[in-house]
Amino acid sequence: MLLALFIGLFGSLIFIFLHLPLPWLMGSIFATSIAIRFEKIPISSPKIFSSPARILIGLAIGSAFTPEILKYIPQYTFSLLLVVPFTILVIFFGTYYYYKILKYDLKTSYLGSMPGGVIEMVIIGQELKANTSKITLMQSSRLFFVVVSLPFIIQYIFQIDIRGNQLLTTPLVNIDFKQFLILYIFGIIGAIVAKKVKLTAAFLMGPMIVSIILYSTGTFNVAIPDEFLKFIQVIFGVIIGFTFKGVPIKTIYKTLIATLGHFSILAILCIIFIGIIHFYLDFKTLDILLAFGPGGQTEINLIALLVGANLPYITLHHIVRLLIVMNIAPILAKRLKS
């Protein structure tokens, strides 16, 4: 596990040297993706760090909900309502593409096209006896395309400089570490409670809710240390890189080609909805892109954190989309024929 993290870190340093976008995340993804093809390298996915890292991201997201920000939330209503038709269209066209064009079975097509989390869709697929290995590859490929393409879009289209080893937030030496430690303990409690009540993405959502309460009331104002946010990127970069471990190159190649068609559909729908919202509501284009970007909630929020986007706006949209997906996915899937 430590060797895997070291390889991910090495990839990040190479990306920093080459001045490429989001080096801590992207570098670790690419280095790990290459390393897992060599079976003699004794590495394993650092999933044990995933939950503590998600807690930290949840706290960081919640820290954006300051008293000043909260008064703008009513302005998001129309944009949030548009998440409903957007999600339905993504599912409909995705299912049609996989089922009618690629001839996948209906349940696999439906669950594979869901703009939800990889783990959640696989769990539902297991319960409904769908092809979980194929669903995993479909969902992972979509996530891979989104996470890989967004930094380059941000860097070269939006002209936001996210290259190299830039300062993301306050360095550790300037942090009130006692206050941060207390905050993290609250985050752990929030994660445990969220897990107990079976809240979706508990280790992200629980700490985020706790953090929103603490920051919006002015109880806490400590920043998440810069070094921690960078280490989180390496962790998730390595985990994403491990997605295709043990899968034959031919299978990966075919799945990526197949998912590229679905990704193109997602891109077209995103452009349409971005245009509508930007024209009528005049929100920033990058904020809308990240709000409607069909990647994993953790990964998109992490990118939003790194580029200084409107976190409350983005987070609320992903929560609504996740609620829609997690409620309609199992209900409709049970009625579909294999």
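Student: Which helix gives the largest share of the nonpolar patch?

Tutor: A patch of this kind joins nonpolar side chains (Val, Leu, Ile, Met, Phe, Trp, Tyr) within 5 Å, from residues with over 30% relative accessible area and no salt bridge. Here the largest share, seven residues, comes from H10; helices are DSSP runs (H or I, at least four residues), numbered from the N terminus. This is a predicted model, where local features need pLDDT of at least 70, side-chain atom pairs count only at pLDDT 80 or more, and totals for chains, interfaces and linings use all residues. Residues are numbered from 1 along each chain as its sequence is written, and side-chain values use heavy atoms, with hydrogens and water left out.

Student: How much accessible area does the patch have together?

Tutor: About 1,000 Å² (Shrake-Rupley method, 1.4 Å probe, only the protein chains shown counting as cover). Its members include Phe177, Ile185 and Ile213.

Student: Why does Ile185 count as partly exposed?

Tutor: Buried means under 20% relative accessible area, exposed over 50%, and partly exposed in between (1.4 Å probe, protein chains only). Ile185 counts as partly exposed because its relative accessibility is 46%.

Student: How many salt bridges does the structure hold?

Tutor: Side chains of opposite charge can pair when their charged atoms come close. A salt bridge needs a side-chain nitrogen of Lys or Arg within 4 Å of a carboxyl oxygen of Asp or Glu. The structure holds one: Asp226 pairs with Lys230, with the closest N and O atoms 2.8 Å apart. Both lie in helix H12 (residues 226-241), four residues apart, about one turn of the helix.

Student: Are Asp226 and Lys230 buried or exposed?

Tutor: Asp226 and Lys230 are both buried.

Technical notes
Patches are made of residues with over 30% relative accessible area and no salt bridge: like charges are joined within 9 Å, nonpolar side chains (Val, Leu, Ile, Met, Phe, Trp, Tyr) within 5 Å. Helices (H or I, at least four residues) and strands (E, at least two) are DSSP runs, numbered from the N terminus.
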